[in-house]
Amino acid sequence: MMEVDVDLEFLNQSSESDNLMQERSDALFHTIQTLNIIERGIILLFLEGKSYKEIGEITGFTANNVGTRMVRIREKLTNKIKSQDQWN
């Protein structure tokens with residue numbers, strides 16, 4: 001039988017990286033939950049891969065208005081996450 005040499009350090013780094021990504025994902029999801037219902041709906045539709053036009057059709061906003069709202073939502077999320085120091 002042939003032995004297989006596994007680089008356990010690589011697996012450890014991969015696991016740490018996966019854990020960090022999961023922590024960041026959890027922090028982002030938690031922060032999204034603090035948004036108002038309209039902002040939360042827009043960002044969740046965006047994260048599902050919808051275009052601004054599609055989001056506008058769903059919400060009744062124009063694509064330009066969705067774009068403006070997305071800028072503000074991103075800023076709000078960034079500020080909330082930084083203030084909570086969840087990325088470090």
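Let me begin with confidence, since this is a predicted model: across the protein, the mean is lowest in helix α1, at 75, and highest in helix α3, residues 52-59, where it reaches 98. The protein as a whole averages a pLDDT of 84, with 78% of the residues scoring at least 70.

Turning to the interior, the largest nonpolar core holds ten residues, namely I32, L35, I42, I43, L45, I55, V66, M70, I73 and L77. Helices α2 and α4, the latter spanning 63-84, each supply at least two residues of this core, and α4 gives the most to it, with four residues. Looking at one core member, L45, and leaving aside residues up to four places away in sequence, we find that L45 touches K50, I55, I58 and T59.

Now to the arginines, and to R40 in particular, which sits in helix α2, residues 37-47. What does a buried R40 do for charge partners? R40 has no salt bridge, and the nearest side chain of opposite charge, that of E39, is 7.9 Å away. The side chain of R40 does, however, reach the backbone oxygen of Q33 at 3.2 Å, and Q33 also appears among the residues that R40 touches beyond four places in sequence, together with I32 and L35. Both I32 and L35 belong to the largest nonpolar core.

The other arginine I would like to show is R24, in helix α1, residues 8-32. R24 is partly exposed, with a relative accessible area of 37%. Its C-alpha atom is separated by 9.8 Å from that of I81, although R24 and I81 are 57 residues apart along the chain; I would read that value alongside the mean confidence of 75 for α1.

Notes: Residues numbered from 1 in each chain as written. Predicted model: local features only at pLDDT ≥ 70, side-chain atom pairs only at ≥ 80, totals over all residues. Heavy atoms only, no water. Buried < 20%, exposed > 50% of the residue type's maximum accessible area, 1.4 Å probe, protein only. Lys, Arg positive; Asp, Glu negative; His and termini not counted. Salt bridge = Lys/Arg side-chain N within 4 Å of Asp/Glu carboxyl O. Polar contact = N/O pair within 3.5 Å; in protein donor to acceptor, adjacent residues only side chain to side chain. Contact = heavy atoms within 4.5 Å. pLDDT = per-residue confidence, 0-100. Core = buried A, V, L, I, M, F, W, Y, C linked by side-chain atoms within 4.5 Å.
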